[in-house]
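Visitor: Please pick one part of this model and look at it closely. I would like the cut-offs along with the terms.

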Amino acid sequence: MKEIVICNSIGSYSGALTRGKEYVVIEENKEKEQIRIVGDNNRTRWYKKYYFVPHGTTVPVLDKWKFDDEIIDSSEKSLEHVEMTFTFSDGVRFALNKA
């Protein structure tokens with residue numbers, strides 16, 4: 001049975017890895033602390049193990065976000081502060097107030 005891991009960080013591999021996605025380990029190099037998997041781009045390559053966590057580990061990902069305030073001035077020079085709420089797949093929510 002093949003080992004399954006979950007991506008915890010994509011690092012510089014945007015387009016090849018997706019945070020929270022499961023991958024099947026094809027091969028492991030314990031000496032170099034690397035695993036070989038097929039990425040989202042259908043290419044097989046070696047990745048450092050620290051980009052992954054064991055199967056069954058919860059890896060929260062952004063589920064949805066929304067503007068809590070109406071945007072009145074959408075120009076680049078606006079100094080308007082808008083609050084946003086972010087909700088993650090594990091149910092954690094937080095609000096951010098940013099200019």
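Guide: Here is a close look at one sheet, its loops and the core, set against the whole chain.

The model is predicted: local features need pLDDT of at least 70, side-chain atom pairs count only at pLDDT 80 or more, and totals for chains, interfaces and linings use all residues. Residues are numbered from 1 along each chain as its sequence is written, and side-chain values use heavy atoms, with hydrogens and water left out.

First, the setting. The chain has nine strands and zero helices. Both are DSSP runs numbered from the N terminus: strands are E, at least two residues, and helices are H or I, at least four. The radius of gyration is 19 Å, whereas a compact globule of 99 residues would have one near 13 Å. That radius is taken over C-alpha atoms, and the globule rule is 2.2 Å times the number of residues to the power 0.38. The C-alpha trace spans about 55 × 25 × 20 Å along its principal axes. Of the 99 residues, 23% are buried. Buried means under 20% relative accessible area, exposed over 50%, and partly exposed in between (1.4 Å probe, protein chains only).

Now the sheet. It is open, with three strands in the order β3-β4-β5 and antiparallel pairing. β3 (27–29) and β5 (44–48) are the edge strands; each has a single partner, so one side of each lacks a neighbour in the sheet. From one strand to the next, the twist averages 30°. Here axes are lines fitted to C-alpha atoms, for helices over the stretch in contact, and angles run from 0 to 180 degrees between N-to-C directions. Strands of a sheet pair through backbone hydrogen bonds, either parallel or antiparallel. In this model, two strands count as paired if DSSP finds at least two bridges between them. β3 and β4 (residues 34–38) share three bridges. Across that pairing, Asn29 stands opposite Gln34 in β4.

Next, the loops. Most residues other than glycine have a negative phi. Two loop residues here go the other way. Glu33, in the loop between β3 and β4, has a positive phi near 55°. Asn42, in the loop between β4 and β5, has a positive phi of about 65°. Glu33 is exposed at 53% relative accessible area. Asn42 is exposed too, at 67%.

Then the core. The largest nonpolar core holds 12 residues: Val5, Cys7, Tyr13, Ala16, Leu17, Tyr23, Val25, Ile35, Ile37, Tyr47, Tyr51 and Phe52. Such a core is a set of buried Ala, Val, Leu, Ile, Met, Phe, Trp, Tyr and Cys residues joined through side-chain atoms within 4.5 Å. β1 (4–7) and β4 are the elements that give two or more residues to this core. Tyr47 ties several of these pieces into one picture. Leaving out residues up to four places away in sequence, Tyr47 touches Tyr13, Ala16, Leu17, Glu33, Gln34, Ile35, Ile37, Gly39 and Phe52. A contact means heavy atoms within 4.5 Å. So Tyr47 touches Glu33, the loop residue with positive phi, and Gln34.

One last look, further along. β7 (62–67) and β8 (82–88) run antiparallel, joined by five bridges. Leu62 has Phe88 in β8 as its bridge partner. β8 is mostly covered, with five of its seven residues buried.
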